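Visitor: I am new to this structure. Please pick a single part and take me through it closely.

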Amino acid sequence: MTFEEIGLHPAILKALADSGYTEPTPVQAQAIPAAIEGRDLLVSSQTGSGKTAAFMLPSMHKLAVAAQDNPQPALKTPNQERQSARSRGERPRYAPAQPKMLVLTPTRELALQVTTATEKYGANLRRMKAVSILGGMPYPKQMQLLARNPEILVATPGRLIDHMNSGKIDFSQLQILVLDEADRMLDMGFIDDIETIIAATPAERQTMLFSATLEGDVGRMAERITREP
Ligand code: AMP
């Protein structure tokens, strides 16, 4: 099957052609059509298999189609928002970000790779901002990024919890949750953070879990958080 036959959004097809991707990898050929249908996914895959595109392409496709079918009125920029707050005599503050997609990764490096890939695949799409929320990055910088209300958040679990606790993120609009390298996140002791994050997301979300292994703790977690994957 080709990317065209899968039926991806034309702006994404153009970005793939520009990136020199001629055909889907095996994991992409299986995962993308099922994800576009709205299925939950449990995927056993290694780094280098093309797993990032296997979850990003169908997710970006769905968000792009939904945005086309249901255009949102232009929001005020954070600066306009602050100015109008001041003119009302209020103390300006940031509204919480309301991402539509969340990707959890075990490490900063992986989060940055996912964000970079998202920028590449979304180069021809409007309103498809991706932001990384990472341990070690200065808070003021991250508040600024969140204030842009990105569609896609890519985060390591610990730092994300900090921002959730301070009211900077609202997951009520979340449609898609991805756990990338879930086995490594569990090995690193992120289980409680992951459970807290998932509990804050809508039950009717689409969930995709990627992991080198699907046995043991990962398998048990997968069973709890996915539906008929
Ligand atoms: P990943 O497994 O997501 O880390 O991807 C491994 C590498 O393969 C990355 O450099 C991707 O840019 C590249 N890649 C992913 N999908 C394709 C594809 N369908 N054709 C060519 N290269 C790809």
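**Strands β5 and β6 and their sheet**

Guide: Strands β5 (residues 176–179) and β6 (residues 206–211) run parallel and are joined by four bridges. The model is predicted, so local features need pLDDT of at least 70 and side-chain atom pairs count only at pLDDT 80 or more, while totals for chains, interfaces and linings use all residues. Residues are numbered from 1 along each chain as its sequence is written, and side-chain values use heavy atoms, with hydrogens and water left out. Strands (E, at least two residues) and helices (H or I, at least four) are DSSP runs numbered from the N terminus; two strands pair if DSSP finds at least two bridges between them.

One bridge can be followed by residue: L179 has L209 in β6 as its partner. The two strands belong to an open sheet of six, in the order β1-β6-β5-β2-β4-β3, with parallel pairing. At its edges stand β1 (41–44) and β3 (130–133); each has a single partner strand, so one side of each is left without a neighbour in the sheet. From one strand to the next, the twist averages 15°. Angles run from 0 to 180 degrees between N-to-C directions, with axes fitted to C-alpha atoms, for helices over the stretch in contact.

Two helices can be placed against this sheet. Helix α3 (residues 26–36) lies across β1 and β6, and runs at about 175° to β1. Helix α11 (residues 216–225) also packs on the sheet, touching β1, β5 and β6, where contact means heavy atoms within 4.5 Å. The direction of α11 makes about 170° with that of β6.
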